[in-house]
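These exercises go through a protein model one step at a time. Try each task with the structure in view before reading the solution.

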Amino acid sequence: MIKGADTYWYPEFIEFKNDQIIYYKLSKKAENGLLEKKQNHVEKLSQTKHEFVADNRIRIYRMGEKQIVISETESITEDTKFATDYERIEPTKTKLTRKEIQQIDLKAEWNEEIIPIVFNKNLDSPAIQEVNKRLKKEGQKLLLESLQGTYFASIYDNGERRTLIGIKEMDKEKAVLFGFPEKPYEIIATSVKKNTGYNNV
């Protein structure tokens, strides 16, 4: 599942079997970095509105309700159509070991935003880290996890997995990342020298 800025539920996966779409949620903890999926629910593909928006990306439409808050005591509810994108996963193309991947710091740019790909380290600014320490929060970090041979840079926020960034291929110099909500759906991240601005978690 591709998460957009206004997507608040946790990552999920789908599989197609005959006329069924099988939905899976992920276990909260990944044993040795291996993600475990658990079946959540099933629906019929023939009864869903869907379209292919790219070679490996399907968009599924569902009806739901949107709540609009007018004031502290008043809100209205409207029927609305929600669209969710899902991208096909394939095993990551790499000759690197799991340990080697985690030791490489990467930097990518998507929609004019710099994205650091730095595993197992606190990604918050020193000021935010200090606030989190007082509030006994873990803050943000990336963990390397995998499912069916596909590696993911999993974004955790206060100990909860929020978003998955897929790694299509990777070597010591660069990585091709996928799973972004808007074009370009894939971006190239390049390796950078170790940055001492991040503190070990």
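**Exercise 1. A salt bridge and its network**

Task: Find the distance, N to O, at which the side chains of Arg57 and Glu87 meet in a salt bridge, and state which residues are joined into one network with them.

Solution.

Step 1. The side chains of Arg57 and Glu87 form a salt bridge, with N and O 2.6 Å apart. The model is a predicted one, and this distance passes the cut-off, since a salt bridge needs a side-chain nitrogen of Lys or Arg within 4 Å of a carboxyl oxygen of Asp or Glu.

Step 2. Place the partners. Arg57 belongs to strand S5 and Glu87 to strand S6, so the salt bridge ties together parts that lie 30 residues apart in sequence.

Step 3. Look at cover. Arg57 and Glu87 are both buried. For Arg57 the relative accessibility is 1%, and it counts as buried because the limit is under 20%.

Step 4. Look for shared partners. Arg57, Arg59, Asp85 and Glu87 are joined into one network by salt bridges that share partners.

Step 5. Take one more link of this kind. Arg57 also meets Asp85 in a salt bridge, at 3.5 Å from N to O. Asp85 lies in strand S6 and Arg57 in strand S5, so this pair ties together parts 28 residues apart in sequence. Asp85 is buried, at a relative accessible area of 7%.

**Exercise 2. A salt bridge with partly exposed partners**

Task: Which strands hold Glu15 and Lys37, and are the two residues buried or partly exposed?

Solution.

Step 1. Start from the count for the protein, which comes to eight salt bridges. One of them is formed by Glu15 with Lys37, whose closest N and O atoms are 3.3 Å apart.

Step 2. Glu15 is in strand S1, while Lys37 is in strand S3 (residues 37-44), so the salt bridge ties together parts 22 residues apart in sequence.

Step 3. Compare each value with the cut-offs. Glu15 has a relative accessible area of 29% and is partly exposed. Lys37 has a relative accessibility of 25% and also counts as partly exposed. Buried would call for a value under 20%, and exposed for one over 50%.

**Exercise 3. The second largest pocket**

Task: What is the volume of the second largest pocket, and which strand gives the most to its lining?

Solution.

Step 1. The volume of the second largest pocket is about 510 Å³. Its lining has 25 residues, and those closest to the centre are Ile14, Tyr86, Glu87, Arg88 and Ile89.

Step 2. Sort the lining by strand. At least two residues come from each of S1 (12-17), S5, S6 (75-87) and S13 (160-170). S1 gives the most, with five residues.

Step 3. Sort the lining by class. It has 14 nonpolar, seven charged and four polar residues.

**Exercise 4. The largest cavity**

Task: How many cavities of 30 Å³ or more does the structure hold, and which residues line the largest cavity?

Solution.

Step 1. The structure holds one cavity of 30 Å³ or more. The largest cavity has about 40 Å³ of space.

Step 2. Its lining is made up of Met1, Lys3, Pro11, Thr163 and Leu164. By class, three of these are nonpolar, one is polar and one is charged.

**Exercise 5. A surface patch**

Task: Which residues form a nonpolar patch on the surface, and where is the place of Ile68?

Solution.

Step 1. The patch consists of Ile68, Ile70 and Ile76, and together they have about 230 Å² of accessible area.

Step 2. Ile68 sits in strand S5, which covers residues 57-69. Its relative accessibility is 31%, so Ile68 counts as partly exposed. A residue of a patch needs over 30%.

**Exercise 6. Two residues of one strand**

Task: Are Ala189 and Thr190 buried or partly exposed?

Solution.

Step 1. Ala189 is in strand S15 (residues 186-191), and Thr190 is found in S15 as well.

Step 2. Ala189 is buried, with 0% relative accessible area, whereas Thr190 is partly exposed at 39%.

Step 3. Add distances. The C-alpha atoms of Ala189 and Glu15 are 28 Å apart, with their positions 174 residues apart along the chain. For Thr190 and Phe178 the C-alpha separation is 14 Å, at 12 residues apart in sequence.

How values were computed: Residues numbered from 1 in each chain as written. Predicted model: local features only at pLDDT ≥ 70, side-chain atom pairs only at ≥ 80, totals over all residues. Heavy atoms only, no water. 1 Å grid on protein atoms, 1.4 Å probe; cavity = no way out; pocket = protein on both sides within 12 Å on 5 of 7 lines; lining within 4 Å. Points joined across faces, edges and corners; volume = space filled by probe spheres on them. Nonpolar A, V, L, I, M, F, W, Y, C, P; charged D, E, K, R; others polar. Patch = residues over 30% accessible without salt bridge, like charges linked within 9 Å, V, L, I, M, F, W, Y side chains within 5 Å. Areas by Shrake-Rupley, 256 points an atom, 1.4 Å probe, with all protein chains shown as cover. Helix = DSSP H or I, 4+ residues; strand = E, 2+ residues; numbered from the N terminus. Buried < 20%, exposed > 50% of the residue type's maximum accessible area, 1.4 Å probe, protein only.
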